[in-house]
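Trainee: I have this model open and I keep coming back to one part of the backbone. Could you take a close look at that spot for me, then work outwards to the rest?

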Amino acid sequence: MSNEQSIQRLRRLRQSENLRALFQETTLSKNDLALPIFVEEGLEDYQPIKSMPGVVRIPEKRLAYEIERIAKAGIKTVMTFGVSHHLDETGSDAWKSDGLVSRMSRICKDAVPEMIVMSDTCFCEYTSHGHCGVLHGEHVDNDETIHNLGLQAVAAAQAGADFIAPSAAMDGQVAAIRAALDQAGFTDTGIVSYSTKFASALYGPFRDAAGSRLIGDRKTYQMNPMNRREAIRESLIDEQEGADMLMVKPAGAYLDIIRDVRERTLLPLAAYQISGEYAQIKFAALAGAIDEDRVVMETLGSIKRAGADLILSYFALDLAERNLL
């Protein structure tokens, strides 16, 4: 074969493990991951979540121990979700100073002060109807809800939360929360906005984990999975309203959206590998269809490669404890 016809041999860069490591473009570390946790009040023992093998509801009385364990493994960030036994039409327990939202942040920060606590800010786990805000008939009132989100945000900040993470998907929620925090003197408390949140069919296991009572769906306030331009608009609006970090949720089926948002903002960008994504991998591995560790690392790597700076994943603690990162 003549020089003019020589082959470009990219496999030269793949001939050994050290060479592959040297030329690897995307890497993962514990600093890239945050762990979502479910905390239930009044629970006596850990409660396994059947649709999410390996994930449990943590009894509130064991939360301090679990935060210490998470920190010891090297995970620096948690996202708190509460399973409340005090439900009402508005989810008012979520903004009480002694309510579950406040207690979770307080316990986490008392146990490990350096742990970064992101307080999920919504009402679906605290309302008797399971919707994310104030319900009038079959309609969630946007403006009443964002007022209440401000109350919840201030309560969480008072309890020590480092970041407020509004997931209610209400229009104007970031601006309302930023105003409430600033007025209450919490100007240093950040906002991680679920800025592009799709009405996904992959949330099913989460609703088991959180004990959702939802009847119907959230399609009027969460995004149509088929809309790309609107997805970008949603995140850019939250940036304008004062978000400190944006988020795309779910992650795996929306890598194009992660890349779209990454290319249009200088803000840090998170992505949430949600319960259904976790369950798909777990059940496939249990069936012997895939190598779980390799698939987990491949899927997390794809999310990072697409442009996410932080990945929320239920695999985070397991990976950290087994030193796979």
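Mentor: Let's start at Ala169, which is buried, with a relative accessible area of 15%. The cut-offs here: buried means under 20% relative accessible area, exposed over 50%, and partly exposed in between, using a 1.4 Å probe and protein chains only. Bear in mind that this is a predicted model, where local features need pLDDT of at least 70 and side-chain atom pairs count only at pLDDT 80 or more, while totals for chains, interfaces and linings use all residues. Residues are numbered from 1 along each chain as its sequence is written, and side-chain values use heavy atoms, with hydrogens and water left out.

So what is odd about Ala169's phi? Ala169 isn't a glycine, yet its phi is positive, at about 60°. Most residues other than glycine have a negative phi. Ala169 lies in the loop that links strand S8 (163-166) to helix H5 (173-183). Those labels come from DSSP runs numbered from the N terminus: helices are H or I with at least four residues, strands are E with at least two.

From Ala169, step along to Met170, which is one of the residues touched by Thr145. Thr145 sits in helix H4 (residues 142-158), and it is buried, with a relative accessible area of 0%. If you skip residues up to four places away in sequence, Thr145 touches Phe123, Cys132, Gly133, Val134, Val140 and Met170; contact means heavy atoms within 4.5 Å. Asp141, in strand S7 (residues 139-141), also has a distance to Met170 on file: the two are 29 residues apart in sequence and 9.0 Å apart in space, C-alpha to C-alpha. Asp141 contacts Val134 and His136, again leaving aside neighbours within four places in sequence. Val134 therefore turns up in the contact lists of both Thr145 and Asp141.

Phe123 links to another buried spot. Gly91, in the loop between strand S4 (77-83) and H3, has a relative accessible area of 0% and counts as buried. Beyond its neighbours within four places in sequence, Gly91 is in contact with Phe123, Tyr126 and Thr127. Gly91 and Ala161 are 70 residues apart along the chain, and their C-alpha atoms are separated by 19 Å.

Helix H4, the home of Thr145, also packs against helix H3 (residues 100-111): their axes come within 8 Å and cross at roughly 25°. Axes are lines fitted to C-alpha atoms, for helices over the stretch in contact, and angles run from 0 to 180 degrees between N-to-C directions. That makes H3 roughly parallel to H4, on a scale where angles under 35 degrees are roughly parallel, over 145 roughly antiparallel, 65 to 115 roughly perpendicular and the rest oblique. The crossing of H3 and H4 is right-handed, as the near helix is turned clockwise from the far one by less than a right angle. Val101, Ser102 and Ser105 of H3 meet Gln152, Ala155 and Ala156 of H4. By class, that contact has three nonpolar, three polar and no charged residues; Ala, Val, Leu, Ile, Met, Phe, Trp, Tyr, Cys and Pro count as nonpolar, Asp, Glu, Lys and Arg as charged, and the others, Gly among them, as polar.

Another helix pair is H9 (residues 275-286) with H10 (residues 292-306), whose axes are 10 Å apart at an angle of about 160°. That makes H9 roughly antiparallel to H10. Ile281, Lys282 and Ala285 of H9 make the contact with Glu292, Val295, Val296 and Thr299 of H10, a set of four nonpolar, one polar and two charged residues. The H9–H10 crossing is right-handed.

Back to backbone oddities. Asn323 also has a positive phi, about 55°, without being a glycine. Asn323 follows helix H11 (316-321) and is exposed, at 57% relative accessible area. The peptide bond from Lys249 to Pro250 is cis, with omega near -5°, and Pro250 lies in the loop between strand S11 (246-249) and helix H8 (255-262).

Now zoom out. The protein chain has eleven helices and 13 strands, and 53% of its 325 residues are buried. Of its contacts with a separation of 6 or more, 73% are between residues 24 or more positions apart.
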